[in-house]
Structures are given as C-alpha cells and as structure tokens.
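Thanks for coming, everyone. Let me put the sequence and the model up, and then we'll walk through it.

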Amino acid sequence: ELLVQVDYFTENGTLSLLSMPWFRSRDYSQPDERFSLPVVISQERFVGLSEHTRESLALRYATVLDDWDVGAYFFHGLDKNPAFEITEQGQGQAIYSALQQWGLDAQYTSERWLGKLEAVHRNHDYGGNSWAYTLGGEYYFYGVAGSSKDLSLLLELHRDTDAEARENQIYRNSSFVGSRLAWNDTDATTLLLGALIDNGGDSIAIKGEFETRIHSQLSLDIEARMFVEQQPQQPLYLYRDDDFIEVRLTYYL
C-alpha cells in the first residue's frame, strides 16, 4: 500500500491532503486460527465503485486551542472495514463499499486528566447512513505509594450504528474500563489491564499487555485476550474460542 501526504502549515493550524492510490484487500485468518470468523472468506465484492477503482482521498484540518487538540476531516473512497455474507455455495464473501465519511476528533489535556472524543458520520453504498463515536478519559496518579511508578485509570464508551450491515462490529455498544501502570524506568516498562463490556448483554472480553526492554537490543511484549460470558446474539460471540497469550521477543539491529 502507498500513502501520499501533503501538509500546508499556517499559524492557525495544519491542512493535510492524503491520497491512497491503491487499495489492498484484507487478509483473513482460517477458522481454526486466532481472531477469525467461523467461515473461510474466499470471495470479494465491491459495491459503489469498480473493483479497479482503488483510489481513496482524505482532507484533514487540525489545530490547537489552549488545552485542546482539535481536528476534522472528510474521506472519500473504499472502506477497508468490509461487511460479510454467506453465499449460496456456503462460502464467506467480503463486501467492500464506497464510503464518504466526515469525522471529528478532540483531545483535552491537563496535568492529571486526558479526555478524547472521536466521532464520524458515514454514507455507505452498502449499509446506508450511520454514525459512531468513542468518548474516553484517562486520570493519572503520579508516584504511586511513594515510588516512581504512575497509575492511570481508563474509561471509554463506544457506539456504532453500522451494526446492521456489519454484524461483526464489536464496538456497536460497549464500554472499556482498565488501568495502565508505568514504571517510568529506562526500559519503558508498562502494564495494561482492562475489559471490554457489551452494554447490551453479558459479553466481556479481558485484555492484558506487558511491555519492557530487557536489553539495549531486545524487547519483550506479552499480550493476552480472554472472551468470557459470550452470548449468541452479541458480536463477541464470533470470537468465543479465540482466547490466547502471545509472547514476542524483538531484536533490534
């Protein structure tokens, strides 16, 4: 994939034009692999634009107003988040749709608080009009128990009305609660623990991440996901058998 970006800087903000001249379809895991759908995705369909019309364009304006970082953008092109359907032959098909999307993002930063809002309105050729937002906040406790560690509490609210066309949309109506512990050491050690809770049912997904550098050229990352209390009518039910623990060692030359 190729992204071309041109920025125009002014005293009042930055205007950016982004062009993605090609579109690469997503790769899908097999049903027996982690984070996969229960069927093999073997076909593609393009709605609203020709399969050979792959260019997408975005225009964005961003500025800073006191303690606020604010941005707005417009996107026109192909949506890389497809809908899925089962064909008459029982095969999975990914449906890529033409998309026009308006977006707004704002972040407020103070000494202990960080708040953020991301909101979009979409016009799909497959699925019609929809809107979505993520509203979140993070509060910091510095020097926990007289140590050099910092603890932050996180809360996010997710809402997405595009679920009718995309039944795998796990953020249709959910909340994330968690905490992050930072050691503030030279190894950049952090621990994140949290849970994604479906507000419309009993579905819960637990997430854990640990990162540290164990050598000047070697880092360790541990990530764990558990999907518990999944209900058949909830989108997380698709991933009910995808619990995993992943350990990554990265060597830097």
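Is Arg45 buried, partly exposed or exposed? It is partly exposed, because its relative accessibility is 31%. Keep in mind that this is a predicted model.

Now the partner. Arg45 forms a salt bridge with the side chain of Glu85, and the N to O distance is 3.4 Å. Arg45 sits in strand β3 and Glu85 in strand β6, residues 83-86, so this pair ties together parts 40 residues apart in sequence. Glu85 is partly exposed too, at 27% relative accessible area.

Let me step back to the overall fold. There are 15 strands and zero helices. The protein has 253 residues, and 32% of them count as buried. Take the contacts between residues at least 6 apart in sequence: 49% of those join residues at least 24 apart. The accessible surface is about 15100 Å². Carbon and sulfur atoms account for 55% of that surface.

Start at the N terminus. Strand β1, residues 4-10, runs antiparallel to strand β2, residues 13-20, and seven bridges join them. The connection is a hairpin through two residues. To place the register, look at Val4: its bridge partner in β2 is Ser19. Then β2 goes on to pair with strand β4, residues 56-65. That pairing is antiparallel as well, with seven bridges. Here Leu15 stands opposite Tyr61 of β4.

Next, the nonpolar interior. Which residues make up the largest nonpolar core? There are six: Phe23, Ile41, Phe46, Leu78, Ala94 and Tyr96. Two strands, β3 (41-47) and β7 (92-109), each supply at least two residues of this core. A second core is separate from it and has five residues, including Phe176, Ala205, Phe227 and Tyr239. As background, nonpolar side chains tend to be buried together in soluble globular proteins.

Zoom in on Ala94. Beyond its neighbours within four places in sequence, Ala94 is in contact with Tyr28, Ile41, Gln43, Glu44, Arg45, Pro82, Ala83 and Phe84. Notice Arg45 on that list. That is our salt-bridge partner of Glu85.

Staying with β7, find Gly103, which is in that strand. Gly103 is buried, because its relative accessible area is 8% and the cut-off for buried is under 20%. What does Gly103 contact, leaving aside neighbours within four places in sequence? The answer is Gly71, Ala72, Tyr73, Ala119 and Val120. For Val120, the C-alpha to C-alpha distance is 4.3 Å, across 17 residues of sequence.

Back to charges. The structure holds 10 salt bridges. In general terms, side chains of opposite charge can pair when their charged atoms come close.

One of these bridges joins Asp160 and Arg122, with the closest N and O atoms 2.9 Å apart. Asp160 is in strand β10, residues 150-160, and Arg122 is in strand β8, residues 113-124, so parts 38 residues apart in sequence are tied together. Are these two buried or exposed? Asp160 is buried, at 6% relative accessibility. Arg122 is buried as well, at 11%.

Another bridge pairs Glu223 with Arg248, and there the closest N and O atoms are 3.6 Å apart. Glu223 belongs to strand β14, residues 218-228, and Arg248 to strand β15, residues 244-251, so the link spans 25 residues of sequence. The burial is uneven here. Glu223 counts as buried at 13% relative accessibility, whereas Arg248 is partly exposed at 32%. This pair is part of a network of salt bridges that links Glu223, Arg225, Glu246 and Arg248.

Last stop: Asp79, in the loop between β5 (68-78) and β6. Asp79 is a loop residue, yet it is buried, with a relative accessible area of 11%. What does its side chain meet? A polar atom of the Asp79 side chain lies 2.9 Å from the backbone nitrogen of Asn81. The Asp79 side chain also makes a polar contact with the side chain of His124, at 2.7 Å.

That's the tour. I'll take questions.

Technical notes:
Residues numbered from 1 in each chain as written. Predicted model: local features only at pLDDT ≥ 70, side-chain atom pairs only at ≥ 80, totals over all residues. Heavy atoms only, no water. Core = buried A, V, L, I, M, F, W, Y, C linked by side-chain atoms within 4.5 Å. Buried < 20%, exposed > 50% of the residue type's maximum accessible area, 1.4 Å probe, protein only. Helix = DSSP H or I, 4+ residues; strand = E, 2+ residues; numbered from the N terminus. Contact = heavy atoms within 4.5 Å. Salt bridge = Lys/Arg side-chain N within 4 Å of Asp/Glu carboxyl O. Pairing = 2+ DSSP bridges. Areas by Shrake-Rupley, 256 points an atom, 1.4 Å probe, with all protein chains shown as cover. Polar contact = N/O pair within 3.5 Å; in protein donor to acceptor, adjacent residues only side chain to side chain.
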